[in-house]
Amino acid sequence: MQKISIIIPKNNNDGRPFPEDRIRSIELELLKISGGYSRYDVTGQWIDGGKIYTDISFKYDLIVTSDQADLVKTVVSGAKTALNQLSMYFEEQETKLLFL
């Protein structure tokens, strides 16, 4: 099993919120692939050309098979385009999951 962590910004680079239905559409695709996810509110910063940017985002954790991880990558790539982002955070690691 693979644990996938991704970060989807809540706002565009001008600070305006993305339409709720656009975020919900991405979430629905993730849900269909993984069967479930956890979502967290996160804040981070990055610097470009001496300017500091603050991102307010959602972080998603999903547990998927290797094949499903490739599908999640496709969703994240699509989100990058749809949200007009230069890059998107995608972390993948091998994991063992137990529901007790």
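## Pairing of β2 and β3

In this predicted model, Ser 38 has Asp 61 as its bridge partner in β3, and Arg 39 stands opposite Tyr 60 in that strand. These two positions belong to a longer arrangement, since β2 and β3 pair in the antiparallel sense over 11 bridges. The two strands form a hairpin with two residues between them, and Gly 49, which is in the turn, has a positive phi of about 60°.

## The sheet and its helices

How are the strands ordered across the sheet? Four strands form an open sheet in the order β2-β3-β1-β4, with antiparallel pairing. Its edge strands are β2 and β4, each of which pairs on one side only. On average, and with direction ignored, neighbouring strands of the sheet are turned by 25° against each other.

Two helices pack on this sheet. Helix α1 touches β1, β2 and β3, and its direction makes about 30° with that of β3. Helix α2, which covers residues 66-82, touches β1, β3 and β4, and the direction of α2 makes about 175° with that of β4.

## Aromatic pairs

A search of the whole structure finds three aromatic pairs. One of them joins Tyr 37 and Tyr 60 in an edge-to-face arrangement, with 5.3 Å from centre to centre and 80° between the planes. This pair links distant parts of the chain, 23 residues apart: Tyr 37 is in the loop between α1 (20-34) and β2 (38-48), whereas Tyr 60 is in strand β3, residues 51-64. Are the two partners buried or exposed? Tyr 37 is partly exposed, with a relative accessible area of 25%, while Tyr 60 is buried, with a relative accessible area of 1%.

Another pair is formed by Trp 46 and Tyr 53, whose ring centres are 4.3 Å apart and whose planes lie at 15°, so this pair is stacked. Trp 46 counts as partly exposed because its relative accessibility is 32%, and Tyr 53 likewise counts as partly exposed, at 22% relative accessibility.

## Phe 58 and its surroundings

Phe 58 lies in strand β3 and forms one aromatic cluster with Tyr 37 and Tyr 60. At 12% relative accessibility, Phe 58 counts as buried, because the value falls under the 20% limit. The ring of Phe 58 also has a charged partner: the charged end of Arg 39 sits over the ring, 4.0 Å from its centre. Arg 39 therefore appears twice in this part of the model, over the ring of Phe 58 and opposite Tyr 60 in β3.

Which residues does Phe 58 touch, once those up to four places away in sequence are left out? The contacts of Phe 58 are Ile 6, Ile 7, Ile 8, Lys 10, Ile 23, Arg 39, Tyr 40, Asp 41 and Val 42. Among these, Lys 10 is 48 residues from Phe 58 in sequence, yet the two are 6.7 Å apart in space, C-alpha to C-alpha.

## Gln 2 and Thr 95

Gln 2 lies in strand β1, residues 2-9, and is buried, with a relative accessible area of 8%. The side chain of Gln 2 makes a polar contact with the side chain of Glu 92 at 3.0 Å. Not counting residues up to four places away in sequence, Gln 2 touches Leu 62, Ile 63, Val 64, Thr 65 and Ser 66, and also Glu 92, Gln 93, Glu 94 and Thr 95.

Thr 95, one of the residues touched by Gln 2, is found in the segment after β4, the strand of residues 89-94. At 25% relative accessibility, Thr 95 counts as partly exposed, whereas Gln 2 is buried. With neighbours within four places in sequence left aside, Thr 95 is in contact with Met 1, Gln 2, Lys 3 and Ile 63. By contrast, Gly 78 is 17 residues from Thr 95 along the chain, and their C-alpha atoms are separated by 25 Å.

How values were computed
Residues are numbered from 1 along each chain as its sequence is written. This is a predicted model: local features need pLDDT of at least 70, side-chain atom pairs count only at pLDDT 80 or more; totals for chains, interfaces and linings use all residues. Side-chain values use heavy atoms; hydrogens and water are left out. Buried means under 20% relative accessible area, exposed over 50%, partly exposed in between (1.4 Å probe, protein chains only). Contact means heavy atoms within 4.5 Å. A polar contact is a pair of N or O atoms within 3.5 Å; within protein, one must be able to donate a hydrogen and the other to accept it, and residues adjacent in sequence count only if both atoms are side-chain atoms. Rings of Phe, Tyr and Trp (its six-membered ring) pair if their centres lie within 6.5 Å; planes under 30 degrees apart count as stacked, over 60 as edge-to-face and the rest as tilted. A charge sits over a ring if NZ of Lys or CZ of Arg is within 6 Å of the ring centre and within 35 degrees of the ring normal. Axes are lines fitted to C-alpha atoms, for helices over the stretch in contact, and angles run from 0 to 180 degrees between N-to-C directions.
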